[in-house]
Number of protein chains: 2
Amino acid sequence: MLIRVDPASDVALFAQVAASVRTEMATGRLLPGNRLPAARDVAESLGVNLHTVLRAYQDLRDEGLVDLRRGRGAVVTDRAADLAGLHAEIRALGERAKGLGMSPDTLASLVRESVDG
Amino acid sequence: MLIRVDPASDVALFAQVAASVRTEMATGRLLPGNRLPAARDVAESLGVNLHTVLRAYQDLRDEGLVDLRRGRGAVVTDRAADLAGLHAEIRALGERAKGLGMSPDTLASLVRESVDG
DNA sequence: TCGGCTGTTATAGAAGAACTATAACAATCG
DNA sequence: CGATTGTTATAGTTCTTCTATAACAGCCGA
């Protein structure tokens with residue numbers, strides 16, 4: 001479970017945590033049934049507050065990617081497999097964009113509007 | 001030039017303006033050499049502040065998508081064609097994600113990490 | 001050249017989001 | 001029971017966003 005965070009990024013900390021987890025799911029390093037590390041552990045290892053990590057976990061729950069229960073932790077749901085199914089396509093797009101020198105923001109913005117538009 | 005803005009969105013207003021412009025580029029409705037509407041006009045028609053629109057224009061400039069000069073306005077650069085080149089692929093990915101009931105945030109997050117990762 | 005249009009810069013304030021800190025609570029599990 | 005885990009509550013600080021106003025400086029057409 002690799003969770004990276006860049007305090008200098010313009011992306012909010014909690015969003016970076018959630019993004020890290022999603023990527024772990026998409027790449028198959030985090031499978032349905034697996035449990036995420038305890039929020040308190042992640043918070044300590046990243047040097048951020050407990051609530052920052054919990055906010056990320058709750059976002060993932062709202063997306064249906066994890067089940068949250070006190071005492072039990074955060075468990076990856078079957079829906080996480082959907083992310084893995086898109087991984088190859090996403091990676092191909094990312095490589096093309098990178099080859100054009102396109103910024104992450106630019107591509108992410110286009111993709112976002114492409115989904116809700 | 002369609003520039004939409006949703007005050008209730010969690011995406012910042014200036015980011016929504018920039019996203020609208022990028023989408024116009026990607027779909028070919030805004031071509032290299034075209035001039036963007038004056039920031040003051042956009043601000044008035046959207047009911048937002050001049051600076052909010054200018055922040056969007058400056059982000060687009062930082063991405064190399066427009067040239068900004070006082071008195072002349074914001075002119076679309078050749079790099080905007082790169083966006084159009086990715087349009088079909090982005091649209092296909094967006095449709096697949098939409099079919100899975102995936103949120104714009106989820107997909108945009110995965111794509112963002114796929115570029116900088 | 002003049003006048004209007006354009007982005008640029010400066011300043012300031014209000015509002016909201018993000019992050020932190022602490023603490024108590026409640027479900028789960030060994 | 002006791003440790004672990006997410007949940008909720010409260011509060012305060014910091015940062016970003018958005019607004020408002022005003023003056024400035026480059027560009028262009030008449």
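**Note on the protein–DNA surfaces and the largest pocket**

1. α3(A) gives the most to the surface near DNA strand D, with five residues; helices here are DSSP runs of H or I with at least four residues, strands are runs of E with at least two, and both are numbered from the N terminus. The model is predicted, so to speak of local features requires pLDDT of at least 70 and side-chain atom pairs count only at pLDDT 80 or more, while totals for chains, interfaces and linings use all residues. Residues are numbered from 1 along each chain as its sequence is written, chains are lettered from A and ligands numbered from 1 in the order in which they are written, and side-chain values use heavy atoms, with hydrogens and water left out.

2. DNA strand D is surrounded by 27 residues, of which B:Leu13, B:His51, B:Thr52, B:Arg70 and B:Gly71 are the closest, where a residue is near a strand if one of its heavy atoms lies within 4 Å of it. Of the strand D atoms within 4 Å of the protein, 61% belong to sugar or phosphate and the rest to bases.

3. Backbone atoms of chain B make polar contacts (pairs of N or O atoms within 3.5 Å) with strand D. A backbone N or O atom of B:Leu13 lies 2.4 Å from a phosphate oxygen, a polar backbone atom of B:Asn49 is 2.9 Å from a phosphate oxygen, and a backbone N or O atom of B:Gly71 lies 3.2 Å from a base nitrogen.

4. Around DNA strand C there are 27 residues, the closest being A:Leu13, A:His51, A:Thr52, A:Arg70 and B:Gly71. On this strand, a side-chain N or O atom of A:Arg70 is 2.5 Å from a sugar or linking oxygen, a polar side-chain atom of B:Arg61 lies 3.3 Å from a phosphate oxygen, and a polar backbone atom of B:Gly71 is 2.8 Å from a base oxygen. The largest share of the surface near strand C, five residues, comes from α3(B).

5. In each chain an arginine lies over a ring face: A:Arg55 is at 3.9 Å from the ring centre of A:Phe14, and B:Arg55 is at 3.9 Å from that of B:Phe14. The criterion is NZ of Lys or CZ of Arg within 6 Å of the ring centre and within 35 degrees of the ring normal.

6. The largest pocket has a volume of about 1500 Å³. Of its 48 lining residues, A:Val11, A:Arg112, B:Val11, B:Asp105 and B:Arg112 are the closest to its centre. On a 1 Å grid over the protein atoms alone, a pocket is an open set of points where a 1.4 Å probe fits, with protein on both sides within 12 Å along at least five of seven lines, and lining residues have an atom within 4 Å of a point; the volume is the space filled by probe spheres set on the points.

Conventions
A polar contact is a pair of N or O atoms within 3.5 Å; within protein, one must be able to donate a hydrogen and the other to accept it, and residues adjacent in sequence count only if both atoms are side-chain atoms.
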